[in-house]
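Trainee: Could we go through this model together, one question at a time? I would like to practise reading it out loud.

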Amino acid sequence: MTERLYYTDSYLKEFNAKVIQTGEIEGRPAVVLDKTLFYPESGGQMFDTGIIENVSVCRVVLKENVIWHVLDKPVSKKDIHGQINWVRRFDFMQQHTGFHILAGSFLHQLEVETLSSHLGEEYSTIDVRSDRIDAAQLKDVEDHANKIIWENRPVRAFWAEKEDMDNPLLRKVPDEFEKVRLVEIENYDLDPCGGTHVRNTGEVGLVKILGSEKIRGNTRYVFVAGNRALREMQKQYNILTTLCQQLTTGVDDMPAAVKKLLEENKNYIKALQNFEKLGEEKIVSELLTENKTSKIVVKNIEDKKIDGLRRIASTVIKNGHGTFLLGSTGETPCLVFATTDEKLDLRPVFQQVLPLIDGRGGGSVSFVQGGGTNSAGVPEALEKARGLLG
Ligand SMILES: [Zn+2]
């Protein structure tokens, strides 16, 4: 059985050990050591990386309670020197201790129980038994957690004694106290845990909740702690600064500036729609004038979207008599044919001309529509349809 050196001191970075077993995990060489500083993926915390005798440790897994160090290539030595990736480890120590503090804060401030956690590579999550925590309550939880951090309370890990089971701070009472490792934040939180933590809460620096998701009557909160919290704030600050520069406004005036921008945009869209309607009315009137002398009216309208063509076609067949062949060139070439002639079936003609615009479409006997990709083919398609119908 491997002695877990990180249990007694989570700040050790290097160690010497003996290889007691070799094997293979997922097609890669792996070793078991008599003792290790490498934390295996377990209890919601990710594994450590690092090196053993200059060979990369890519994963550390727990299999039937045995810690396997998965390696880049085999290590031939029996007596080895190992070194963990301290930046990664310390980051997880900050996230993990941050999680304990948050769980304590949910309990102290709202009497809400924590169900589980996951400390991911980028973001961590905490699931709590409630789906009705409002924004003010959440802010209170976050504020309180950060207060505990700045009070720099000692964090201590120890093996449980029988009397610890009666401690009112104990968040989750295990079935038996033997071989249970407890992690205590002084006078605040006590929880069975096998993970790695910082020595004092102050080393967590900051904890920030970033988002939430409701899951079957409970809520999952996404959070970051320590250096990750700083990086997240820097990222968001950079985004905000860029937006402020683009809108030439200060951070505090940003919500009002965006609101104004959205309102202006809404008005522009409305004005544009009115303008388009006026244009369409003019086209309808031209088509109906032409319809007085000709039974087939053909019109190619530049840069009109298919719903615009459809509106025009619907209006002209309500007010005119005959067949209207409408097309539009531009980014989204399209064709709409409509007729009042009850003896006519527009569909076969439409299917014959659609390939000219590399298009697809269909419709009823008297109303067909389709869009394509070849704008240059629109005039030819219209003329061919006129020829076939004429
Ligand atoms: Zn823990």
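Trainee: Which residues does Pro174 touch, not counting residues up to four places away in sequence?
Mentor: Keep in mind that this is a predicted model. Pro174 sits in the loop between β11 and β12. One partner is Pro192, 18 residues away in sequence, with a C-alpha to C-alpha separation of 7.4 Å. With neighbours up to four places away left out, the residues touched by Pro174 are Met165, Val180 and Pro192.

Trainee: What is the phi of Lys179, and is Lys179 buried or exposed?
Mentor: Lys179 belongs to the loop between β11 and β12. Its relative accessibility is 80%, and the cut-off for exposed is over 50%, so Lys179 counts as exposed. As for the backbone, Lys179 is a residue other than glycine with a positive phi, near 60 degrees.

Trainee: How far apart in space are Glu178 and Cys244, C-alpha to C-alpha?
Mentor: Glu178 is in the loop between β11 (155-159) and β12 (181-185). It counts as partly exposed because its relative accessibility of 47% falls between the cut-offs of 20% and 50%. Glu178 and Cys244 are 66 residues apart in sequence, and in space their C-alpha atoms are separated by 58 Å.

Trainee: Where is Glu111 found, and what is its phi?
Mentor: Look in the loop between α2 and β9 (114-119) for Glu111. Glu111 is exposed, with a relative accessible area of 72%. Although Glu111 is not a glycine, its phi is positive, at about 55 degrees.

Trainee: Which atoms coordinate the zinc ion?
Mentor: Along the chain, the donors follow the spacing H-x3-H-x92-C-x3-H. The coordination distances run from 2.0 to 2.1 Å. The donor atoms are NE2 of His96, NE2 of His100, SG of Cys193 and NE2 of His197.

Trainee: What geometry does the site of the zinc ion have?
Mentor: Start with the angles among the four donor atoms, which are 96 to 122 degrees. Four donors count as tetrahedral if all angles lie between 85 and 135 degrees. The site of the zinc ion is therefore tetrahedral.

Trainee: How many residues apart in sequence are the parts that His96 and Cys193 tie together?
Mentor: His96 lies in helix α2 (residues 86-110), while Cys193 lies in the loop between β13 (189-192) and β14 (207-215). His96 counts as buried at 4% relative accessibility, and Cys193 counts as buried at 12%. Because the pair joins a helix to that loop, it ties together parts whose separation in sequence is 97 residues.

Trainee: Which residues does Glu232 touch, and is Glu232 buried or exposed?
Mentor: Glu232 is placed in helix α4 (residues 226-246). Its relative accessibility is 9%, under the 20% cut-off, so Glu232 counts as buried. Tyr123 is 109 residues away from Glu232 in sequence, yet the two C-alpha atoms are 10.0 Å apart. Leaving out residues up to four places away in sequence, Glu232 touches Tyr123, Leu210 and Val224.

Trainee: How do helices α7 and α8 pack, in angle and distance?
Mentor: Two packed helices are described by the angle between their axes and the distance between those axes. Here the helices are α7 (residues 346-353) and α8 (residues 378-389), and their crossing is right-handed. The angle is about 145 degrees and the axes are 9 Å apart.

Trainee: What is the make-up of the contact of α7 with α8, in nonpolar, polar and charged residues?
Mentor: From α7, the residues are Leu346, Val349, Gln352 and Val353. From α8, they meet Ala381, Lys384, Ala385, Leu388 and Leu389. The contact divides into seven nonpolar, one polar and one charged.

Trainee: What separates the C-alpha atoms of Ser76 and Leu388 in space?
Mentor: Ser76 is in the loop between β7 (66-71) and β8 (79-84), and is exposed with a relative accessible area of 74%. Leu388 is one of the α8 residues that meet α7. Ser76 and Leu388 are 312 residues apart along the chain, and the separation of their C-alpha atoms is 84 Å.

Key:
Residues numbered from 1 in each chain as written. Predicted model: local features only at pLDDT ≥ 70, side-chain atom pairs only at ≥ 80, totals over all residues. Heavy atoms only, no water. Donors = N, O, S within 2.8 Å, 3.2 Å for Na, K, Ca; no water. Tetrahedral: all angles 85-135°; square planar, octahedral: opposite > 155°, others 65-115°. Helix = DSSP H or I, 4+ residues; strand = E, 2+ residues; numbered from the N terminus. Buried < 20%, exposed > 50% of the residue type's maximum accessible area, 1.4 Å probe, protein only. Axes fitted to C-alpha atoms, helices over the stretch in contact; angles between N-to-C directions. Left-handed = near helix turned anticlockwise from the far one by under 90°. Contact = heavy atoms within 4.5 Å. Nonpolar A, V, L, I, M, F, W, Y, C, P; charged D, E, K, R; others polar.
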